[in-house]
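Let's take a walk through this protein, one stop at a time. Have the sequence and the 3D view handy as you read.

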Amino acid sequence: LITLPPPRRKPPPPQRLRFTAQSDPQPGITGAAHALPPVQLWRVVDRDHSRLWNEYIHRYHYLGHKPLPGAQLRYFVSVDQQIVAALGFGAAAWQIAPRDHFIGWSHQQRQRHLPWVVNNARFLIMPWVQSKNLASKILAMTARRLPDDWERQYRLRPVLLETFVDTERFTGTCYKAANWTYVGKTQGRGKLGPAGKQSVPIKDIWLYPLSRQFKQQLTR
């Protein structure tokens, strides 16, 4: 119905992430979480911190850096001014049978209320950090703070978190310790994979309610 004119200029080529001294390995941290100095959770809001977050993720996370889909928030975690972890949250997966069965919503309700579900797309503990219970402590801190931050940013308060754990690499222990609920496994199709055929690793699905009435809010 609409014919657009040709573009006036070519889009810039994608920038290649460069590793800098800012993301070099730091002195190891081995104490238990309760014995560490105060753990600080802070949002990534300016361009320099955004570039640094991307650099850490691309350098140390097994999935590397890819732009998070849709609405998103990113965080750094620091101990005594040293960055020890990074988290990223984005739009929820469109359709996952175990999650949808757990919520109990219809196709129409999912279409209407999916923005109230947020996906924990990245969670990186730096390789030089071996601190017992730190990961679950960070997840608990983030679950308390994210709803307020998300509402301020997007005028919408999420009621449920989801994440996917690659069981070939991880067991999901920190999510279990932080009171997330295991609901099943993905089918391994990915976002664009063909129906009935595995194209990506099968992952465990974990959910964390941010509201006691999350099922009523997602199915009304």
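Start at Glu162, which sits in strand β5, residues 160–166. Keep in mind that this is a predicted model. Is Glu162 buried or exposed? With a relative accessibility of 0%, Glu162 counts as buried, because the cut-off for that is under 20%. Its side chain has polar partners: the backbone nitrogen of Ala93 is reached at 2.8 Å, and a polar contact of 3.1 Å joins it to the side chain of Asn119. Setting aside residues up to four places away in sequence, Glu162 also touches a range of others, including Ile96, Val117, Trp180 and Trp206.

Glu162 is part of something wider, too: together with Arg99, Asp100 and Arg110, it is linked in a network of salt bridges. Look at one pair from that group. Asp100 and Arg110 meet through their side chains in a salt bridge, 3.7 Å from N to O. Asp100 belongs to helix α2 (residues 97–103) and Arg110 to helix α3 (residues 107–113), with their positions 10 residues apart in sequence. Both ends are tucked away: Asp100 is buried at 11% relative accessible area, and Arg110 is buried at 4%.

How many salt bridges does a search of the whole structure find? The count is 10. Another one joins Arg59 and Asp24, at 3.0 Å from N to O. Here the link runs from helix α1 to the segment before β1, across 35 residues of sequence. Arg59 counts as partly exposed at 27% relative accessibility, and Asp24 counts as partly exposed at 30%. Then there is Lys185 with Asp204, whose closest N and O atoms are 2.5 Å apart. Lys185 is in strand β6 and Asp204 in strand β7, so this pair ties together parts 19 residues apart in sequence. Lys185 is partly exposed at 43%, while Asp204 is buried at 8%.

Now for the nonpolar side of things. The largest nonpolar core has 43 residues, and among those touching the most other members are Phe76, Val84, Phe89 and Leu134. Several elements each supply at least two residues, among them β1, β3 and β5, but the largest share, 8 residues, comes from α4. Val84 is in contact with Ile29, Leu124 and Met126, among others. Phe89, found in strand β3, is buried at 2% relative accessible area. Apart from this core lies another, of 12 residues, including Trp105 and Leu160.

Finish at the surface, where Leu1, Ile2 and Leu4 form a nonpolar patch with about 500 Å² of accessible area together.

Methods
Residues are numbered from 1 along each chain as its sequence is written. This is a predicted model: local features need pLDDT of at least 70, side-chain atom pairs count only at pLDDT 80 or more; totals for chains, interfaces and linings use all residues. Side-chain values use heavy atoms; hydrogens and water are left out. Patches are made of residues with over 30% relative accessible area and no salt bridge: like charges are joined within 9 Å, nonpolar side chains (Val, Leu, Ile, Met, Phe, Trp, Tyr) within 5 Å. Accessible areas come from the Shrake-Rupley method with a 1.4 Å probe; for residues, only the protein chains shown count as cover. A salt bridge is a side-chain nitrogen of Lys or Arg within 4 Å of a carboxyl oxygen of Asp or Glu. Helices (H or I, at least four residues) and strands (E, at least two) are DSSP runs, numbered from the N terminus. Buried means under 20% relative accessible area, exposed over 50%, partly exposed in between (1.4 Å probe, protein chains only). A polar contact is a pair of N or O atoms within 3.5 Å; within protein, one must be able to donate a hydrogen and the other to accept it, and residues adjacent in sequence count only if both atoms are side-chain atoms. Contact means heavy atoms within 4.5 Å. A nonpolar core is a set of buried Ala, Val, Leu, Ile, Met, Phe, Trp, Tyr and Cys residues joined through side-chain atoms within 4.5 Å.
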